[in-house]
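Before you plan anything around this protein, please read these remarks beside the coordinates.

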Amino acid sequence: MADNSLNLSMPYIQPSQAQKHVTHNEAIRLLDILVQLAVVSDETTSPPASPSSGSRYIVADGALGAWAGQDGKVAVYDAGAWIYHAPRTGWRAWVQDRQMLAVFDGNEWIDIDEGQFQDLDSFGLGMTSLPGAPFSAKLNAALWTALYAADGGNGSLVQTLNREDVSADAGLVFQTDFDTRAILGLFGSSRMRLATTPDGSTFRDAISIDVSTGIADQPALPRFMAYTNFDNFGAADTWTTIGINVAEYNDQLAFDAATGSFTAPVDGTYLFGATLVFKLDSNPGAKMGARLLQNGVDVLRGSLVQLSADHEDQQTSLGVQTLVSLVAGDTVELQGRMRDFGGYFMAGQTTFWGFKVG
């Protein structure tokens, strides 16, 4: 069995050793001296005249007197005498008179100051830096604050993310347990993007901004514009769901051309509108009416309209528009009615549209 520990050279209690407390107390004494090391100074070349018991120093180069020949060692004053400990690589000490942390690099003590943090390959705060992320931090809160004018700054705080060219990325990535769920920034294009992903690979832009014009798009906004491609006959005084069967555009595929209805994909506030164009059947006395129906039952407030003036064939139009709060799964459809006499809702010009506004 070895006599001393490998790193701090603390003595081991040996089998059948007498006065074991002496060895134990020596090990405790070494721990007290070297662990959580803080020294009075590292710039002193000769011992102080009246050192306090337990005071520690890093002996400066060119030491004199009782410290001669002990350069770089940790000197501790104990029981009226100086005891010296040779440092090992990686030892750190807080230097009280300079308010500086120093580390022994195997040859000398060096300060851990701003000069030592230049041109680092990696830096981990609260963790070991991860591959591909040379700066890594593990913490629960972070604060960046401007340097105030009173402290020598200008009161501003600007953080810059720079990329090499338009094909590269500059932005923020938001993750859950290291699985990406959203990105914000310039990713692979010249547009400012806010995008989400359910799986970390398929991204959908919620907001996309042209950096040259500042115009914002919402590519994933539920919206549609549709029309009927055939003349829909409306019997006298009968509400009829108009066959809106062609979608010019249909983001999020929320409009169903087979049923002519829109289904809300998410909760929110939606704006809907429609234009109905009259086409004569046989009696010009027919008058158009329109309404928007929620879930096939409820008439949306503000959507019930009726024309009373005389109609002109393929010229007279009726418009309707209203705002409504929907929950996911609610449906909205367009219905029309001819009063007194039958007539047609004209193909190609009778339209239905809507989109989410909030």
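The numbered points below take up the basis of the model, its cores, a sheet and one residue.

1. This is a predicted model, in which local features need pLDDT of at least 70 and side-chain atom pairs count only at pLDDT 80 or more, whereas totals for chains, interfaces and linings use all residues. Residues are numbered from 1 along each chain as its sequence is written, and side-chain values use heavy atoms, with hydrogens and water left out.

2. The largest nonpolar core (buried Ala, Val, Leu, Ile, Met, Phe, Trp, Tyr and Cys residues joined through side-chain atoms within 4.5 Å) holds 27 residues, of which Phe-272, Leu-276, Leu-334 and Phe-352 touch the most other members. Strands E15, E21, E22, E25 and E26 each supply at least two residues of this core, and E21 gives the most, with 5 residues; strands here are DSSP runs of at least two residues, numbered from the N terminus.

3. A second, separate core of 10 residues includes Ile-58, Val-74, Phe-104 and Trp-109.

4. An open sheet is formed by 5 strands in the order E10-E11-E12-E13-E14, with antiparallel pairing, where two strands pair if DSSP finds at least two bridges between them. The edge strands, each pairing on one side only, are E10 (169-176) and E14 (216-217); E14 pairs with E13 over 2 bridges, and Ala-216 is the bridge partner of Ile-209.

5. Thr-180 lies in strand E11 (residues 179-187) and counts as buried because its relative accessibility is 15%, buried meaning under 20% relative accessible area with a 1.4 Å probe and protein chains only. The side chains of Thr-180 and Gln-175 are joined by a polar contact of 3.1 Å, a term for a pair of N or O atoms within 3.5 Å, one able to donate a hydrogen and the other to accept it, where residues adjacent in sequence count only if both atoms are side-chain atoms.

Terms used. Buried means under 20% relative accessible area, exposed over 50%, partly exposed in between (1.4 Å probe, protein chains only). Helices (H or I, at least four residues) and strands (E, at least two) are DSSP runs, numbered from the N terminus.
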